[in-house]
Amino acid sequence: MRIADYIEQSFFNLWKKKLRTFLTTFGVVIGIGALVSMISFGKGMQKNVKDQFEKAALFNYVTIISNSEGEHLAHSPRHRRVEPESNRPGRVLDDDFIHEITQLEGVELAFPERRFPANLKLGEKEQFALVQVLPTDVCRSKLMQLVVGKPYMSDNENAVIISDSLLRRLNIKDPKSAIGRKIEVATLILDLKNFLKPGGIISILAGKSLPFSEESYTFTIAGVCERAGFHGPMPLRSDVFIPPGTADQMKKLSSTSIWDFFQSKGETKGYSMLNVRVSSLKYIDSVKAYAEDQGLRTFALVDQLEEMKTAFLVMDMFLLAVGMIAIVVASLGIINTMVMSILERYKEIGIMKAVGATNRDVKKIFFFESGVIGFAGGVFGLILGWIVSILINRVVNHILSKQGAPHVDCFAFPWWLCLGAILFSIVVSLIAGIYPTLRAARVDPIVALRHD
Amino acid sequence: MDFNGFVRTENLSKVYSSGRIQVVALDRVNLSVAKGCFLGVTGTSGSGKSTLMNLLGGLDTPSTGEIHVQGKRISEFTSDELALYRRYQVGMIFQAFNIIPSYTALQNVALPLLFSDVTKLQRLRRAEEMLAKVGLHSRKDHRPGELSGGEQQRVAIARALIHRPNIILADEPTGNLDSQTSREIVEILSDLNRNQDLTVIMISHEEHLLAEFADEMIRLQDGHVVEQSRGD
Ligand SMILES: Nc1ncnc2c1ncn2[C@@H]1O[C@H](COP(=O)(O)OP(=O)(O)OP(=O)(O)O)[C@@H](O)[C@H]1O
Ligand SMILES: [Mg+2]
């Protein structure tokens, strides 16, 4: 028998029982659809995270954290490991240290984390945000993912970069329209005059006034960047970025939290965090070792990669398990249909054997039928999974955009998933067809021919 | 009796055992059929006629004894060899027609060719030829439900002939037909026997009809050949 004959025969026989074939295939479609969208979701999330890190060259960064900086920054177990050492007073993260680090092999640049609170005013809207001081070099690097506009070109430019998410919160839908607009940045400063006035302290303690006043500056929006979708000790941690020269001219609180301000008692403790960029991943360890030797803590995203992979694997497994349940149910449907079909065609099988079909011929006829169900189920399941993923993506992004988050693609459809889904569907269907097929081959023609 | 026959059995026995009860359907049957012979088989119900036919047709295997066809000992064949034997050497016709209801007449006739390496075009062309031979060419696209009993049996004959076998085994082919149609069917078989040198073995209860066309006749009783005679 020729392949084309088997296929034609399968379609002929399946078509005879349209409804049953449709229902059985539909079971497979749902199973494969579920599996495909589950895997696609897992892969999509993975791809999102990795792409963002890689696009921004974040794997090339090491963050060095001052020992007095809050615990919350170091949350991975890897950091706990170095903690006993960190009891001794670590090196202060000052400009000398930055200079030393810059001399290490493979270090491209190092910049401290400097942020201050400010009130932003654009048109009618106001928003409170942390403004980060970012060197021009970094602003012009891959790290800064601009949606529109351009980075500032010098350390003294009177320009800012603002995140798309903050723009949305400021009621600006189209980032393009923000380029070139003026934004007012009002910094908080400690108002000593007010503080030292008789009765000033009392009014502060009574909560009637605060010892702060505002100082207002105006900048031009040079570019709009993507809001980094992750947290932790990363190089970019704000919604607004300004060049260092400009920042130095502003009157402002130097710390991000009022508690830091009160705790510091005016001492110079250096910076809380230092971001170091290396030219290649192989220098990460030496930079880390250098800093840790001086009693400092470090964080490198690349170390998280293995943990991330494990987490993704667990997620994949879970999604796979859910999808597999649907597949098992679909397989039972195929077995049921095939057994039914064989019982119905009992006599036909006997006739085919009587006119010279071998057991192999009979087996193949039924195998092809299962295979055709599997193929159709695979193709349409893939389409179903794809449609479902588009719908879910729409809904998710609708919700995300309301919260000012950037657009994400929750699903990924690599070529191997598409091909694999169809192949897998065929293989599963063939496996489901084994038992019915063996039963068909065992039919005794004499008994079958006597059968009505 | 010719022991170098075209179809020959030696002490052929078939015992069915269902549970503790054993039924001896055939008991040491020795038979020899010459090439081109038309053999008629009669006997009471349950005498073992169908059992003999199924053994000769390679649908079943003997309990003891041997079957030789064209010098080959088919009683030793594996199930795959038997399938090929059924496909190419013999054509079987049954009382119940045994054609597939969902296939057209043409598809039914072409069915045996499906299992050998013949293109679809060739299959249909040869099937049409065969249908023409049994006078049913105009009904080729009709399904069995749309054909009379005699026409269905003619479809079955065309199917049996499609691989140009040397032997036709017919198990009561006229059992479901009226006497007029029965005669037509036997005439077709007789015609094939005479003009194409086909060896025909046919079972029938209608001894007169059989005697009219058969070269030789045997009668079975309780699994034994009890009578042998020359036809007219
Ligand atoms: N599968 C079987 N299991 C047990 N006994 C069987 C089986 N097939 C046939 N027999 C028995 O073998 C004997 C011969 O049966 P067979 O069908 O050959 O008779 P027959 O001559 O063809 O009868 P009929 O004229 O009614 O068709 C009968 O007694 C029957 O009951
Ligand atoms: Mg019988």
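A residue is called buried under 20% relative accessible area, exposed over 50% and partly exposed in between, with a 1.4 Å probe and protein chains only. The model is predicted, so that local features need pLDDT of at least 70 and side-chain atom pairs count only at pLDDT 80 or more, whereas totals for chains, interfaces and linings use all residues. Residues are numbered from 1 along each chain as its sequence is written, chains are lettered from A and ligands numbered from 1 in the order in which they are written, and side-chain values use heavy atoms, with hydrogens and water left out.

**Figure 1. Surroundings of A:Asn13 in helix H1 of chain A.** A:Asn13 counts as buried, because its relative accessibility is 3%. Its side chain joins that of A:Lys16 in a polar contact of 3.2 Å. A polar contact is a pair of N or O atoms within 3.5 Å; within protein, one must be able to donate a hydrogen and the other to accept it, and residues adjacent in sequence count only if both atoms are side-chain atoms. Leaving aside residues up to four places away in sequence, A:Asn13 touches A:Arg345, A:Glu348 and A:Glu369, where contact means heavy atoms within 4.5 Å.

**Figure 2. Overall make-up of chain A.** Chain A contains 17 helices and eleven strands; helices (H or I, at least four residues) and strands (E, at least two) are DSSP runs, numbered from the N terminus. Of its 452 residues, 48% count as buried. Among contacts between residues at least 6 apart in sequence, 83% join residues at least 24 apart. The chain exposes about 22800 Å², of which carbon and sulfur atoms supply 62%. Accessible areas come from the Shrake-Rupley method with a 1.4 Å probe; for residues, only the protein chains shown count as cover.

**Figure 3. Interface between chain A and chain B.** The contact draws 23 residues from chain A and 25 residues from chain B. Together the two chains bury about 2200 Å², 57% of it on carbon and sulfur atoms; buried area is the accessible area (1.4 Å probe) that two parts lose on being put together, summed over both. On the side of chain A, A:Arg2, A:Val355 and A:Ile446 lose the most area to chain B, together 24% of what that side buries.

**Figure 4. Polar and charged pairs across the interface.** Four salt bridges are counted between chain A and chain B, each a side-chain nitrogen of Lys or Arg within 4 Å of a carboxyl oxygen of Asp or Glu. In one salt bridge, the side chains of A:Arg2 and B:Asp117 meet at 2.6 Å, N to O. Nine residue pairs between the chains are in polar contact, both residues at pLDDT 80 or more. Helices H1 (3-16), H14 (346-354), H15 (359-402) and H17 (445-450) of chain A are the elements that give two or more residues to the side that touches chain B. Among these, H14(A) gives the most, with six residues.

**Figure 5. Two residues of chain B with positive phi.** Most residues other than glycine have a negative phi. Phi of B:Phe97 is near 65°, and this residue lies in the loop between strand S6 (90-94) and helix H3 (105-114) of chain B. B:Phe97 is buried, with a relative accessible area of 11%. B:Asp197 has a positive phi of about 60° and is placed in the loop between helix H6 (179-195) and strand S8 (199-203) of chain B. At 40% relative accessibility, B:Asp197 is partly exposed.
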